[in-house]
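Subject: Structure for you to look at

Hello,

Here is the structure I promised to pass on. Please open it and keep it beside you while you read my notes.

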Amino acid sequence: MPMDLSLYPPNAAVDDGRLTLGGCHVADVAQEFGTPAYLIDAAGLRQRAREFQQALTSRHHRSRVMFASKSFPTPSVMGLIADTGCGLDVAGLGELLAAQRTGVDPAHVVLHGNAKSDAEIALAIEMGIGYIVVDNLDDVDRISRLATKPVPVLLRVSPAVDAETNAAMATGHDASKFGIPSHQITEVIERIRREPLLDLRGLHAHIGSQILNVDQFEQAVASLAQLERFDVYDLGGGLGIRYVPSDVAPSVEEYADRLVGAVHRHLGTDVELLIEPGRSMVGPNGVTVYRVTTVKRGVRTHVAVDGGMGDNLEVSLYGQPFDPAIIDKAGAFEVCDVVGRHCESGDTFVVAHELVEPEVGDLLVIPATGAYTFTMSNNYNGALRPPVVFCEDGVARVAVRRETYAELFGRDVRGG
Ligand code: LLP
């Protein structure tokens, strides 16, 4: 049976039985850079960034796509996206510094956070970023104290939408730790307006992540329209993607159609419109490649790879299903549990999954791992964080190299 590439990045192909990405044989890349490794379809990612911009600007002239850096916060990925014309949404000083390193115009940066420090607010002000998103009254105090000239801000509000997604990713309801609950919004707007150096330009709302029902974005817009009108609306990110063959996800066109349609109906045609896609930008353009380390045939068949919850927390944190495949191999399927190398049973990618005759040394690829894997990678069991490799036009180049043991122990006073 030919490999189903529908979950793979656009520049993935099977060439004479071997998986390629951006014209590079995945097996060669794995050989050169080791496993596990995050591989990015660099041209696919650029194309996706342009697709978002085109989808939005063709429907609404005053619009901007701000990549949600948190989904892949490294200057190489953020810079590749920013170079296509996108802005960057950052949360925290580390992401703000990463944005600075990309050379993006600071006017195209938005800062978020429900617990911002003085240091990040001070740097954001010094850089002259586009907007600081006020999340709470302490932000109001901090920005007023640190500002030396008027600072453009947006106010993050709860649109009171219960997003249909994992509870850990739903952020649009009134009990959320993010933003201002609906009954306090008017009061906080008045409070901001009493501060001479806070220049309130508009509202921000982000209802959650991995949203597959686009109606929910429309509901958020309708809810914002209950408030007074502003010049700027940042509607956050959230568009969901396919992880397994049975998933159905809205296209960027469909999303833009519904979102912009709702904005025009409820908020007007002249407002400045920002969106902050993260997962839907990078997710489909990344795969992770592993090597099979053990195959244990007991009560179940456990196929273990050389990574796991050290490089992918999606399964253990959110129960996210994935669709691993052994590559470059034909043969009969065997039903297996695909597990990681870490010391807990929760370190399982998928149970009762068909793999082609798994053997030690095989390469196993998991598609749709471009978002939130790199950023939440960790050193569980002393694992080294994997490299990020851009594959494009037949050339594989390292964007982030693999962590070293010297780095792993470098912060330890005894080991350092
Ligand atoms: N804007 C704001 C204010 C956000 O909080 C987020 C995501 C985004 C934009 C981007 O949302 P996206 O387009 O990626 O859905 N750690 C989880 C994801 C948490 C998302 C947090 N906020 C995961 O690994 O799936």
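A salt bridge here is a side-chain nitrogen of Lys or Arg within 4 Å of a carboxyl oxygen of Asp or Glu. Arg279 and Glu314 fit that rule: their side chains meet at 3.9 Å, N to O. Keep in mind that this is a predicted model.

**The two domains**

The protein splits into two domains. Domain 1 is made of two stretches, 5-41 and 284-409. Domain 2 covers 42-283. How far apart are the C-alpha centres of domain 1 and domain 2? They lie 31 Å apart.

The two domains do touch. On the domain 1 side, 28 residues are in contact, and they meet 28 residues of domain 2. About 2400 Å² is buried between domain 1 and domain 2. Carbon and sulfur atoms give 61% of that area. Which residues of domain 1 lose the most area to domain 2? They are Pro284, Tyr318 and Tyr372. Together these three make up 23% of what the domain 1 side buries.

Now the polar side of the story. Two salt bridges are counted between domain 1 and domain 2. There are also 16 residue pairs in polar contact between the domains. Several elements each supply at least two residues to the side of domain 1 that touches domain 2. They are strand 4 (37-41), helix 11 (314-318), strand 19 (388-392) and strand 20 (395-400). Strand 19 gives the most, with four residues. By type, the residues on this side of domain 1 divide into 16 nonpolar, eight polar and four charged.

**A salt bridge across the sequence**

The salt-bridge count comes to 24. One to find is Arg64 with Glu272, whose side chains meet at 2.9 Å, N to O. This pair links distant parts of the chain, 208 residues apart. Arg64 sits in strand 5 (residues 63-68), and Glu272 sits in strand 12 (residues 272-275).

**A small sheet**

Next, look for an open sheet of three strands. The order is 1-2-3, and the pairing is antiparallel. Why is one side of strand 1 (12-15) and of strand 3 (24-25) left without a neighbour in the sheet? Both stand at the edges, and each has a single partner strand, so one side of each stays free of a neighbour there.

Strand 1 pairs with strand 2 (residues 18-21) over four bridges, in the antiparallel sense. Asp15 has Arg18 of strand 2 as its bridge partner. Strands 1 and 2 form a hairpin with two residues between them. In that turn, Asp16 has a positive phi of about 55°.

**Two backbone details**

Most residues other than glycine have a negative phi, and most peptide bonds are trans. Two places are worth checking against that.

- Thr35 and Pro36 are joined by a cis peptide bond, with omega of about -10°. Pro36 is in the loop between helix 1 (26-33) and strand 4.
- Ala368 is not a glycine, yet its phi is positive, about 65°. Look for Ala368 in the loop between strand 18 (363-367) and strand 19.

Start with the domains, then work down to the single residues.

Best wishes

Technical notes: Residues are numbered from 1 along each chain as its sequence is written. This is a predicted model: local features need pLDDT of at least 70, side-chain atom pairs count only at pLDDT 80 or more; totals for chains, interfaces and linings use all residues. Side-chain values use heavy atoms; hydrogens and water are left out. Domain bounds come from an automatic or database domain assignment. Contact means heavy atoms within 4.5 Å. Buried area is the accessible area (1.4 Å probe) that two parts lose on being put together, summed over both. A polar contact is a pair of N or O atoms within 3.5 Å; within protein, one must be able to donate a hydrogen and the other to accept it, and residues adjacent in sequence count only if both atoms are side-chain atoms. Ala, Val, Leu, Ile, Met, Phe, Trp, Tyr, Cys and Pro count as nonpolar, Asp, Glu, Lys and Arg as charged, and the others, Gly among them, as polar. Two strands pair if DSSP finds at least two bridges between them.
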